[in-house]
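Colleague: I am new to this model and would like a close look at one part of it, the charged side chains that pair up. Please start there and then place that part among its surroundings.

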Amino acid sequence: MAHTGIHSQPVRSCLLLVVVSVWVQQVDGVWPLPQQLDQSADRNSLSPQRFSFIYGRDSAAQTGCSVLDAAFKRYFSIIFPDFTKGSENGLQYMWSEPQPFVVSVSVKTRGCDGYPDEDSDESYNLSVSEGQAVLRSVTVWGALRGLESFSQLVYQDDYGSYFINKTEIVDFPRFAFRGLLLDTSRHYLPLHAILKTLDAMAYSKFNVFHWHIVDDPSFPYQSRTFPDLSNKGAFHPFTHVYTQSDVMRVIEHARMRGIRVVPEFDSPGHTLSWGKGQPNLLTPCYKGDVPSGSFGPVDPTVDTTYKFMESLLKEVKFVFPDSYVHLGGDEVSFACCRQSNPNVRTFMEKMGFGKDFTKLESFYMESIMNMTAALNRTSIVWQDVFDYRERIPQDTVLEIWKGETYQAELSRMTQAGHRVLLSAPWYINHISYGQDWRNSYAVQPQNFSGTEEQKKLVIGGEVAMWGEYVDATNLNPRLWPRACAAAERLWSDEEKTLDADLAFPRLEKFRCELLRRGIQAEPLFVGHCKHEYDGL
């Protein structure tokens, strides 16, 4: 007995250390990390039967606010997944009945029926104390972000009981534009895959869905004005299209989660599918003096092109409520048609362009950007448009996608006074063995040569998931949790989130939370989740 007694104290100490370390890891679990987060070991027991969301007395929004009414129902199911599945653990309240717990939500401005935009205030304060949580924000969009953080603070013990610790959060996004691009042209993504992506975006506090809806391979957008674009340009005119109703559903699903939908109609390149349903839109290629039967980019030399683009952009303005529209402008090939087509050569001589085909593209893009401005929309274009030294309207947003020298490009673009989005280091359709999320996490979007004023012109960035090798079978595992690294970089304080090793346990926990919410997020490394993916 004496021999056992010598070791009993150290064993108890070790056990205590293990419990404390698990406890701390359990508590500090919000992704992306809030700007300020203070927690104590004091905890509240939660019961789904005695839990409620209410509007604060001083809230500008009250019952009937579509965004928050729906969010309260949605987050109740997220916070209490066992209860909503009808399998609550009977042992949970054997010893004591939990006290009521109320989450009071107050917003300063109503805005329940509008859409999030570039100026939306997403800040919130969250205070969790005994028996209650108080969530305050300026807008309903900030309240949504606070509800997401609250949901991640709730945890269960091994017996299925729910708890939340006393917590104080002051939070706001570092960047206003935190986007994710899906490509629905190279492979058609069914509506349910897009809606599930929007769900997962909200869990990571992404706020812009960049819908690269059409491209060379297919034109799935069903246009009201030009129905033949999808009738002849989609992979299939009935099964592989997005109807106007589908588009409205995506926009509304996104709105209810505080997510903007920015469509991209990329031209003059990446338009082969357009030509199938719109005769005389593309530039015919020539072999000698006769057309070869193949086509190149949109033909910038004829008036009908600009009439068509103006009609299409008017429809885009009518269908998509966001003030931004992406016009593309990247990877325009001059090799085939423009150098061989006699009409193009004649037009270039007349315009004084010589043999500089970048001037021809500039002429086209400037016309399209001016059309967009006349429709009271802000253009986003890929960096190629800036690189060709085109006369770009000052409020145009430039997006960097070329990876080699993006810091130098950030310097040049911001020096010219343009707002910039960074996408180059977050092309996560490129995959590699191992933990490549760490590369995304290490990106520092404002780490370039420039003044403080220049750095303020970086308005955010986006994760891109191009579709050459992606469809609904592998979209979610390839996106999540890898996209979460960029989500934290774009939301959180960079100084507090530079260490990927420190972030790993929190991201691992968040990945398990995504699984429980029905998102097929792939593993980060060896291990397990308490609730493994169950195929929902």
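Which residues are linked in a network of salt bridges?

Modeller: The model is predicted, and the network consists of Asp183, Arg186, Asp215 and Glu468. Within this network, arginine 186 forms a salt bridge with aspartate 183, and the closest N and O atoms of that pair are 2.9 Å apart. Arginine 186 is buried, as is aspartate 183. Side chains of opposite charge can pair when their charged atoms come close.

The network is one part of a longer list, since the structure holds 24 salt bridges. Another of them joins glutamate 122 to arginine 145, with 2.8 Å between the closest N and O atoms. This pair connects distant parts of the chain, its members being 23 residues apart. Glutamate 122 sits in the loop between β3 (101-107) and β4 (124-129), while arginine 145 belongs to helix α4. Glutamate 122 has a relative accessible area of 4%, so it counts as buried. Arginine 145 is buried too, because its relative accessible area is 2%.

A salt bridge in another setting is formed by lysine 456 and glutamate 453, at 3.2 Å from N to O. These two residues lie in helix α16 (residues 452-456), three residues apart, which is about one turn of the helix. Lysine 456 has a relative accessible area of 57%, and because the cut-off for exposed is over 50%, it counts as exposed. Glutamate 453, at 53% relative accessibility, is exposed by that cut-off as well. The pair in α16 is therefore exposed at each end, whereas arginine 145 and glutamate 122 are buried at each end of theirs.

Arginine 145 leads on to the empty spaces inside the model. Rolling a probe the size of a water molecule over the atoms shows where empty space is left. Here the count comes to two cavities of 30 Å³ or more. Arginine 145 is one of the residues lining the second largest cavity, together with Arg74, Tyr75, Leu144, Ala202 and Arg257. That cavity has a volume of about 30 Å³. Helices α2 (66-79) and α4 (140-153) each give at least two residues to its lining. By class, the lining has three nonpolar and three charged residues, and no polar ones.

The largest cavity has a volume of about 70 Å³. Its lining is made up of Tyr115, Pro116, Ile251, Ala254, Arg255, Ile259, Arg260, Val261, Pro321 and Asp322. The elements that give two or more residues to this lining are α7 (244-255) and β10 (260-267). Helix α7 gives the most, with three residues. Seven of the lining residues are nonpolar and three are charged, with no polar residue among them.

Strand β10 also holds serine 267, which brings in a polar contact. Serine 267 is buried, because its relative accessible area is 1%. Its side chain makes a polar contact of 2.6 Å with the side chain of tyrosine 364. Leaving out residues up to four places away in sequence, serine 267 touches Trp274, Val298, Met309, Leu327, Gly328, Gly329, Tyr364 and Met365.

Two further residues show how separate stretches of the chain meet. Proline 81 is placed in helix α3 (residues 81-84). At 9% relative accessibility, proline 81 is under the 20% cut-off and so counts as buried. Proline 81 and arginine 516 are 435 residues apart along the chain, but their C-alpha atoms are separated by 8.2 Å. Apart from neighbours within four places in sequence, the contacts of proline 81 are Tyr162 and Arg516.

The other residue is phenylalanine 504, in helix α19 (residues 500-516). Phenylalanine 504 has 15% relative accessibility and therefore counts as buried. Between phenylalanine 504 and leucine 524 there are 8.6 Å from C-alpha to C-alpha, and the two are 20 residues apart in sequence. Outside its neighbours within four places, phenylalanine 504 is in contact with Gln435, Trp437, Arg438, Leu524 and Phe525.

To return to your question, the network links Asp183, Arg186, Asp215 and Glu468, with arginine 186 and aspartate 183 buried.

Methods
Residues are numbered from 1 along each chain as its sequence is written. This is a predicted model: local features need pLDDT of at least 70, side-chain atom pairs count only at pLDDT 80 or more; totals for chains, interfaces and linings use all residues. Side-chain values use heavy atoms; hydrogens and water are left out. On a 1 Å grid over the protein atoms alone, a cavity is a set of points where a 1.4 Å probe fits but cannot get out, and a pocket is an open set with protein on both sides within 12 Å along at least five of seven lines; lining residues have an atom within 4 Å of a point. Grid points are joined across faces, edges and corners, and a volume is the space filled by probe spheres set on the points. Helices (H or I, at least four residues) and strands (E, at least two) are DSSP runs, numbered from the N terminus. Ala, Val, Leu, Ile, Met, Phe, Trp, Tyr, Cys and Pro count as nonpolar, Asp, Glu, Lys and Arg as charged, and the others, Gly among them, as polar. A salt bridge is a side-chain nitrogen of Lys or Arg within 4 Å of a carboxyl oxygen of Asp or Glu. Buried means under 20% relative accessible area, exposed over 50%, partly exposed in between (1.4 Å probe, protein chains only). A polar contact is a pair of N or O atoms within 3.5 Å; within protein, one must be able to donate a hydrogen and the other to accept it, and residues adjacent in sequence count only if both atoms are side-chain atoms. Contact means heavy atoms within 4.5 Å.
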